[in-house]
Amino acid sequence: MLDFYYLSGSPYAWRVWLALEHKRVPYDFKLLSFSAGDFAKPEFAALNPRRRVPVINDDGFALYESAAILEYLEDRYAGSGGDLLPRDVKQRAIARRMVREADQYAATAMEGMVEQILFKEEQSQWDLAAIAKHRGDFVRELATFERYFSGDAFLVRAVGAADFTLYPLIALALRLERWKPDLGIAAGLGPKLSAWMRRMEALPYFLQTYPPHWKQDKA
Ligand SMILES: N[C@@H](CCC(=O)N[C@@H](CS)C(=O)NCC(=O)O)C(=O)O
């Protein structure tokens with residue numbers, strides 16, 4: 001059985017959850033908690049010396065880094081459930097490029113916003129210039145991805161790794177507007193990305209993967 005180590009609200013862990021469901025790989029869900037000290041436990045460090053989620057442990061093979069986990073799932077569980085990458089070599093390369101772009105640019109900007117808006121104890125500690133910079137970078141990425149849509153319903157042909165990478169990043173950025181309503185993320189979403197988000201939310205396994213503490217409407 002594959003163990004899946006998860007933290008609610010992590011966009012990287014969400015990507016893996018979507019992929020596991022999409023590929024219909026059975027897994028044992030390990031919900032970790034910072035406050036319970038799960039990240040400090042030596043048994044977790046033994047799985048990931050960086051002490052971050054997501055991590056999978058597939059019958060004794062431990063792997064971290066969410067993008068690498070998706071590649072592993074695609075190879076290890078080839079033929080199970082839906083594909084994570086297109087079969088066509090060029091489309092496959094484009095999907096991998098988009099995963100890389102989302103991780104390199106959109107995720108970096110999202111993390112910059114999260115660092116201020118979620119991780120600072122007091123709103124008075126927010127670095128507004130940093131927020132504005134990262135918000136600008138993020139919205140530029142939204143515009144770039146908006147232009148990537150051709151005629152397909154998803155980023156590259158059928159739903160897969162690129163969609164599972166980008167959606168959680170946008171969902172988390174949108175959620176930051178609860179604390180900073182003038183952040184302007186929703187306003188930066190074009191019509192194609194908006195329609196694509198609704199299609200993502202209509203996937204049969206989407207709700208199951210929705211961050212549990214968001215469902216309970218907790219910060
Ligand atoms: N590049 C990593 C990022 C993983 C990551 O940053 N995880 C965060 C949650 S979103 C984490 O576990 N943080 C724990 C910590 O920093 O102590 C991936 O894609 O898996």
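## The ligand site and a nearby topic, the hairpin

The shell around the ligand is made up of 6 nonpolar, 2 polar and 4 charged residues. This description rests on a predicted model, in which the ligand sits in the largest pocket. The residues around the ligand are S10, P11, Y12 and R15, then F34 and F39, then the run R51, R52, V53 and P54, and finally E65 and S66. Among the contributors to this shell, helix α1, which spans residues 11–22, gives the most, with 3 residues.

Polar side-chain atoms of the shell can be followed to particular atoms of the ligand. R52 places a polar side-chain atom 2.6 Å from an oxygen atom of the ligand, and S66 likewise has a polar side-chain atom 2.6 Å from an oxygen atom of the ligand. For E65, by contrast, the partner is a nitrogen atom of the ligand, which lies 2.7 Å from a polar side-chain atom of that residue. Taken on its own, the ligand has 520 Å² of accessible area, and the protein covers 75% of it.

The chain segment that separates P54 from E65 in the numbering can be read next. Strand β3 (residues 55–58) and strand β4 (residues 61–64) run antiparallel and are joined by 4 bridges, and within this pairing I56 of the one strand stands opposite L63 in β4. The two strands form a hairpin with 2 residues between them, and in the turn D59 has a positive phi of about 55 degrees. As background for reading such a pairing, side chains in a regular strand alternate between the two faces of the sheet.

Technical notes
Residues are numbered from 1 along each chain as its sequence is written. This is a predicted model: local features need pLDDT of at least 70, side-chain atom pairs count only at pLDDT 80 or more; totals for chains, interfaces and linings use all residues. Side-chain values use heavy atoms; hydrogens and water are left out. A residue is near a molecule or strand if one of its heavy atoms lies within 4 Å of it. A polar contact is a pair of N or O atoms within 3.5 Å; within protein, one must be able to donate a hydrogen and the other to accept it, and residues adjacent in sequence count only if both atoms are side-chain atoms. Accessible areas come from the Shrake-Rupley method with a 1.4 Å probe; for residues, only the protein chains shown count as cover. On a 1 Å grid over the protein atoms alone, a cavity is a set of points where a 1.4 Å probe fits but cannot get out, and a pocket is an open set with protein on both sides within 12 Å along at least five of seven lines; lining residues have an atom within 4 Å of a point. A molecule sits in a cavity or pocket if more than half of its atoms lie within 2 Å of its grid points. Ala, Val, Leu, Ile, Met, Phe, Trp, Tyr, Cys and Pro count as nonpolar, Asp, Glu, Lys and Arg as charged, and the others, Gly among them, as polar. Two strands pair if DSSP finds at least two bridges between them.
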